[in-house]
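Student: Could we go through this protein together? I would like to know how each label is earned.

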Amino acid sequence: LPGTNFDPYVTLTVRRTSPDRYFNGVVVVTIASSHFASFYKSLVGSPDYTTDLLKDDGTVLAQFPAPEPAGQPLRPDPLIAKALAAGGENRIARGTPFDNSGRIVAIGRVADYPLFVAVERSKASMATEWLRPIAGAAAIGVAALVAMITLTRIALRRARRETLARA
């Protein structure tokens with residue numbers, strides 16, 4: 001249809017079985033991928049995180065942040081693919097906290113569904129978040145160290161002068 005905008009969506013189906021084990025219907029739920037993106041954004045609210053909803057075969061159903069440009073096929077990060085191939089439900093890391101390539105991925109299964117959620121974050125952003133609160137304490141510590149060194153030097157000079165005056 002001309003002029004329409006189609007949003008990708010995720011469809012989940014579950015078989016319903018009666019207590020006597022007979023087929024009792026199917027429950028179908030369809031959710032727009034944009035709903036997942038807004039949900040992830042409300043959870044993490046930081047550009048330092050990326051979040052993917054994946055099928056157990058590695059197909060990406062939704063990503064946050066959304067790929068640019070919109071409509072581009074969703075692809076898992078190679079580190080997420082590696083974590084999923086390792087059996088899912090684990091953590092994998094690469095790189096160091098001091099470069100932009102260092103990342104950590106945590107992946108977990110969504111209940112009993114063939115779905116996984118992967119959250120990825122850069123090690124550099126973790127190091128920055130860790131260093132920010134201790135920067136004030138470090139500044140106070142450095143100032144105290146400089147003061148102690150200065151006072152020690154003053155005390156040593158006075159002691160030398162006193163020793164020379166007695167001699």
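Tutor: Happily; we will take the labels in turn and set each value against its definition. Please keep in mind that this is a predicted model.

Student: What are the elements of the protein, and in what order do they run from the N terminus?

Tutor: There are three helices and seven strands. From the N terminus on, the order is β-β-α-β-β-α-β-β-β-α.

Student: What makes Glu 120 buried or exposed?

Tutor: Buried means under 20% relative accessible area. Glu 120 has 2%, so it is buried. This residue sits in strand β7. Leaving aside neighbours within four places in sequence, its contacts include Asp 48, Asp 77, Leu 79, Ile 80 and Arg 103.

Student: And how do you know which label Arg 121 gets?

Tutor: We use the cut-off of 20% again. Arg 121 has 9% relative accessibility, so it counts as buried. It also belongs to β7. Among the residues it touches, not counting those up to four places away in sequence, are Tyr 49, Gly 102, Met 126 and Glu 129.

Student: What makes Arg 21 buried or exposed?

Tutor: Exposed means over 50%. Arg 21 has a relative accessible area of 69%, so the label is exposed. You will find Arg 21 in the loop between β1 and β2.

Student: Why is the phi of Arg 21 worth pointing out?

Tutor: Most residues other than glycine have a negative phi, so a positive value catches the eye. Arg 21 is not a glycine, and its phi is positive, near 70 degrees. The hairpin that holds Arg 21 has five residues between its strands.

Student: How do you know that β1 and β2 are paired?

Tutor: Pairing needs at least two bridges between the strands. Strand β1, residues 9–17, and strand β2, residues 23–32, have eight bridges, in the antiparallel sense. One example is Arg 15, whose bridge partner in β2 is Val 26.

Student: What makes β4 and β5 edge strands?

Tutor: Each of them pairs on one side only. Five strands form an open sheet in the order β4-β3-β7-β6-β5, with antiparallel pairing. From one strand to the next, the twist averages 15 degrees.

Student: How do you know that β5 pairs with β6?

Tutor: At least two bridges are required, and β5 and β6 have five, again antiparallel. Across this pair, Ile 92 stands opposite Val 105 in β6.

Student: How do you know that α2 packs on the sheet?

Tutor: Helix α2 touches β3, β5, β6 and β7, and its direction makes about 45 degrees with that of β6. Helix α3, residues 123–166, packs on the sheet too, touching β5, β6 and β7. The direction of α3 makes about 60 degrees with that of β7.

Student: Which residues of α2 are buried, and why do we say that they line one face of the helix?

Tutor: The buried residues are Leu 79, Ile 80, Ala 83 and Leu 84. Seen down the axis of α2, they fall within an arc of 140 degrees, so they line one face. An α-helix has 3.6 residues a turn, so residues three or four places apart point the same way. On the face turned away from the buried side of α2 are the exposed residues Pro 78, Lys 82 and Ala 85. Just after α2, Gly 87 takes a positive phi of about 110 degrees.

Student: What makes up the largest nonpolar core?

Tutor: A nonpolar core is a set of buried residues of listed types, such as Leu, Ile, Val, Phe and Ala, joined through side-chain atoms within 4.5 Å. The largest one here has eleven residues, among them Leu 79, Ile 92, Val 105, Ile 107 and Phe 116. Helix α2 gives the largest share, four residues. Each of α2, β6 and β7 supplies at least two. There is also a second, separate core of five residues, including Val 10 and Leu 61.

Student: How much of the protein is buried?

Tutor: Buried residues make up 23% of the 167 residues. As for the surface, the protein exposes about 12,000 Å², and carbon and sulfur atoms supply 61% of it.

How values were computed
Residues numbered from 1 in each chain as written. Predicted model: local features only at pLDDT ≥ 70, side-chain atom pairs only at ≥ 80, totals over all residues. Heavy atoms only, no water. Buried < 20%, exposed > 50% of the residue type's maximum accessible area, 1.4 Å probe, protein only. Arc of directions from axis to C-beta. Axes fitted to C-alpha atoms, helices over the stretch in contact; angles between N-to-C directions. Contact = heavy atoms within 4.5 Å. Areas by Shrake-Rupley, 256 points an atom, 1.4 Å probe, with all protein chains shown as cover.
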